[in-house]
Amino acid sequence: MTAPRFCSEHSSAAGEPLAGWGAHQVRNILIRWPKSGWRHSLRIAGGMPDQLQAAIARVVGAGWRVNLIDRKPYDSDLIRVFLMPEALVFDLEPGELAPFLDAVANHALLKGYHPKPLALPLILCCTHGKHDRCCAKWGFAVYKTLAAEARKTGGFDVWECTHLGGCRLSASVLTMPAMRKYGRLAPADAASFLAAEAEDRPYVPRYRGASHLSPVQQVAEVTALKAIRPSGLHGPAQILEVGASENERHFIVELTGHRARVICRRETVRAYGSCEDLDAALPLDPKEIWRGDFIAIIKDTETNS
């Protein structure tokens, strides 16, 4: 058997689950910067003046995550910037970008930069091959399919994006402002994925979990979703922990009026964190994971204990 050449292949072969890896920072700035300038960093690219790099460092120090985005064609000399969770859009002159970032870092009013409300939900697909080759191989194919499908159906603004975390789970996709993170998305998933997101619900087969939940809560959420799959599902899961031991956590998960009892069990898998680690033949990285077991649907007459 041929040894895996990509960390994502190794992760899948090791049985590492997607659920539990949905974390993402709340405050985000997305900056359109030509992909030709992207380097290993998720936020610093070739062609950026020192003043801009310093401003990016300051806004990151103030608690913001900065990612670069791009797509073709992009026929404007202005730099498009998205601010989340405020869901605002800015088109800035190149010389305005560094002062704008300082204004964000200092909580200054941004009216002078002419903000516009977000018109369409964003779909960010990591294609950051200079960070990890999995994102080039798997991510770009998914981006092209999603972009083509979105042009047919409308309703989404699709972008290539720098590192979203979890290269071994490529292709990685994040939706904003919903903040749902996905992994191992394939071109064949595109239509079903967009249909689910259009209804503001997670696409369960590739779902890593809601970003605001802890890893074990994400596993409980995804486990319940796979078991219940109620039609017309909307809104976040309500998760109540009802029992715990050293290696088990017990939850009641409520989804649009459906309640499920779920047990999550702690395990360890060993997988490479990146293709760089695989190439260097470093020791496999032990990762603590949780696996969820659906126990039962809970009827209204039952208690939560």
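This is a walk through ring pairs, helix packing and a few single residues in a predicted model.

Start with the aromatic rings. A pair of aromatic rings is described by the distance of the centres and the angle of the planes. Rings count as paired if their centres lie within 6.5 Å. By this rule the model holds nine aromatic pairs. One of them joins Phe6 and Trp138. Their ring centres are 5.7 Å apart and their planes stand at 65°. Planes over 60 degrees apart count as edge-to-face, so this pair is edge-to-face. Where do the partners Phe6 and Trp138 lie? Phe6 is in the segment before α1 (7–13), and Trp138 is in helix α4 (residues 133–153). The pair therefore ties together parts that are 132 residues apart in sequence. Burial under 20% relative accessible area is the test for a buried residue. Phe6, at 8% relative accessibility, counts as buried. Trp138, at 27%, counts as partly exposed.

A second edge-to-face pair is formed by Phe193 and Tyr203. Here the distance is 6.2 Å centre to centre, with 80° between the planes. Phe193 sits in helix α5 (residues 190–198). Tyr203 sits in the loop between α5 and β10 (207–210). The pair therefore ties together parts that are 10 residues apart in sequence. Phe193 and Tyr203 are both buried. They also belong to a cluster: ring pairs link Tyr182, Phe193, Tyr203 and Tyr207.

Rings also meet charges. The charged end of Arg71 sits over the ring of Trp159, 3.9 Å from the ring centre. Arg249 lies over the face of Trp290, at 5.8 Å from the ring centre.

Now turn to the helices. Helix α4, which carries Trp138, packs against α5, which carries Phe193. The axes of α4 and α5 come within 9 Å and cross at roughly 55°. That angle makes α4 oblique to α5. The crossing of α4 past α5 is right-handed. Which residues meet between α4 and α5? From α4 come Thr145, Leu146, Glu149, Ala150 and Thr153. From α5 come Ala190, Ala191, Phe193 and Leu194. Phe193 thus appears in this helix contact and in the ring cluster.

Next comes the packing of helix α2 (residues 50–61) and helix α3 (residues 97–105). Their axes are 9 Å apart, at an angle of about 15°. Angles under 35 degrees count as roughly parallel, so α2 is roughly parallel to α3. The crossing of α2 past α3 is left-handed. On the α2 side, the contact is made by Gln51, Leu52, Ala55, Ile56, Arg58 and Val59. On the α3 side, Leu97, Ala98, Leu101, Asp102, Val104 and Ala105 take part.

Val104 leads on to Leu83, since Val104 is among the contacts of Leu83. Leu83 is found in strand β3 (residues 79–84). Is Leu83 buried or exposed? Its relative accessible area is 3%, so Leu83 is buried. Leaving aside neighbours within four places in sequence, Leu83 is in contact with Asn28, Ile29, Trp64, Leu88, Phe90, Val104 and Leu110. Leu185 is 102 residues from Leu83 along the chain, and their C-alpha atoms are separated by 25 Å.

Finish at Gln217, in helix α6 (residues 215–228). At 25% relative accessibility, Gln217 counts as partly exposed. With neighbours within four places in sequence left aside, Gln217 is in contact with Ile239 and Phe251. Asp189 is 28 residues from Gln217 in sequence and 25 Å away in space, C-alpha to C-alpha.

Notes: Residues numbered from 1 in each chain as written. Predicted model: local features only at pLDDT ≥ 70, side-chain atom pairs only at ≥ 80, totals over all residues. Heavy atoms only, no water. Phe/Tyr/Trp six-rings, centres within 6.5 Å; stacked < 30°, edge-to-face > 60°. Helix = DSSP H or I, 4+ residues; strand = E, 2+ residues; numbered from the N terminus. Buried < 20%, exposed > 50% of the residue type's maximum accessible area, 1.4 Å probe, protein only. Lys NZ or Arg CZ within 6 Å of the ring centre and 35° of its normal. Axes fitted to C-alpha atoms, helices over the stretch in contact; angles between N-to-C directions. Parallel < 35°, antiparallel > 145°, perpendicular 65-115°, else oblique. Left-handed = near helix turned anticlockwise from the far one by under 90°. Contact = heavy atoms within 4.5 Å.
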